[in-house]
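Colleague: Before I rely on the descriptive words used for this fold, I would like to hear how each of them is justified.

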Amino acid sequence: MTLQPAYKQIQSYILRSIDLGIFKPETQIPTELELCAQFNVSRMTVNKAISELSQKGILHRIAGKGTFVATQKHELPVTKAFDIFDEISTSGNKYSGHQLQLKIIPASAEIALQLGISEGSDVGYCKVLHFENDIPLMLEERYVNHAIVPDFVKQKYGDTETPSGYLQRHFPVSEMEHTIEAALATKSIAQSLSIKENSPCLQLSRRTWTGNTLISYVNMITAGSRYKLKLHSRIEN
């Protein structure tokens, strides 16, 4: 009988512990040093085992904290407007949010183009970091036509209110446009999401209309290990 390589034995132990519910989603697994001692192997061997499981989305590392069991990937719907508060809450997990910036800014040439307004026009801007079970999940930067939604910058976005939730309640979405790109985490994004710099990410840009009026443009970025895209289409003959 051929024994598994040491790193495979470590992976089998971790996977079995997850299956048995010993290691639950978003709980920390033993440290690399603890696994080294448990299996009497080098740290390089443990690192190889954990790295492979992280690449598969089974584990995820948080800088300065350790390695955790990943939750099932969230589906990122691209055919409907979604509110991250609802997405997390309906999955039975805890949502929290941290408002980083909220202010009125002059529209740059790019933002003016995205919102269909004149360069220099007032734009409501917010930057919010969304958390699931206290783990940073998504960084959102949103630009809103201030002439149409002047109260946007008067809200407080955090644990009970999201920019998307506020807009959907007061300005029902009639039309959307999505752009989805693969991206690598910059240093600042990596720090916000507690991932390594240059880690693969998903970036979703979305413009929304209410009636015939374009009101919002948003960029949302999340670690690639934490989200997957979902598209359902009806094919007409």
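Modeller: Let me begin with handedness: a crossing is called right-handed if the near helix is turned clockwise from the far one by less than a right angle, and left-handed if it is turned anticlockwise. Please keep in mind throughout that this is a predicted model.

Colleague: Which hand does the crossing of H1 and H3 have, then?

Modeller: The crossing of H1 and H3 is right-handed, and the contact behind it is made by residues that include Ile 10, Ile 14 and Leu 15 of H1 together with Val 46, Ala 49 and Leu 53 of H3. Sorted by class, the contact of H1 with H3 holds eight nonpolar, two polar and three charged residues.

Colleague: Why are H1 and H3 called oblique to each other?

Modeller: The axes of H1, residues 6–19, and H3, residues 43–55, come within 8 Å and cross at roughly 50°. Angles under 35 degrees count as roughly parallel and those from 65 to 115 as roughly perpendicular, while the rest, short of the roughly antiparallel range over 145, count as oblique; H1 and H3 are therefore oblique to each other.

Colleague: What makes strand S5 largely enclosed by the rest of the structure?

Modeller: A residue counts as buried under 20% relative accessible area, and nine of the 11 residues of S5, which spans residues 122–132, are buried, so S5 is largely enclosed by the rest of the structure. For the chain, buried residues make up 44% of its 237 residues.

Colleague: How do you know that S5 is paired with S4 and with S6?

Modeller: Two strands pair if at least two bridges are found between them. S4, residues 95–106, is joined to S5 by 11 bridges, and S5 is joined to S6, residues 135–145, by 10 bridges, so both cases satisfy the criterion of at least two. S4 and S5 run antiparallel, as do S5 and S6; Ile 105 stands opposite Val 123 in S5, and His 130 stands opposite Met 138 in S6.

Colleague: What is found in the hairpin of S5 and S6, between the strands?

Modeller: Two residues lie between the strands of that hairpin, in which Asn 133 takes a positive phi near 50°.

Colleague: Which elements do the buried residues of H6 pack against?

Modeller: In H6, residues 163–170, the buried residues are Pro 163, Ser 164, Gly 165, Tyr 166 and Leu 167, and the buried residues of H6 pack against S5, S6, S8 and S9.

Conventions: Residues are numbered from 1 along each chain as its sequence is written. This is a predicted model: local features need pLDDT of at least 70, side-chain atom pairs count only at pLDDT 80 or more; totals for chains, interfaces and linings use all residues. Side-chain values use heavy atoms; hydrogens and water are left out. Axes are lines fitted to C-alpha atoms, for helices over the stretch in contact, and angles run from 0 to 180 degrees between N-to-C directions. Helices (H or I, at least four residues) and strands (E, at least two) are DSSP runs, numbered from the N terminus. Contact means heavy atoms within 4.5 Å. Ala, Val, Leu, Ile, Met, Phe, Trp, Tyr, Cys and Pro count as nonpolar, Asp, Glu, Lys and Arg as charged, and the others, Gly among them, as polar. Buried means under 20% relative accessible area, exposed over 50%, partly exposed in between (1.4 Å probe, protein chains only).
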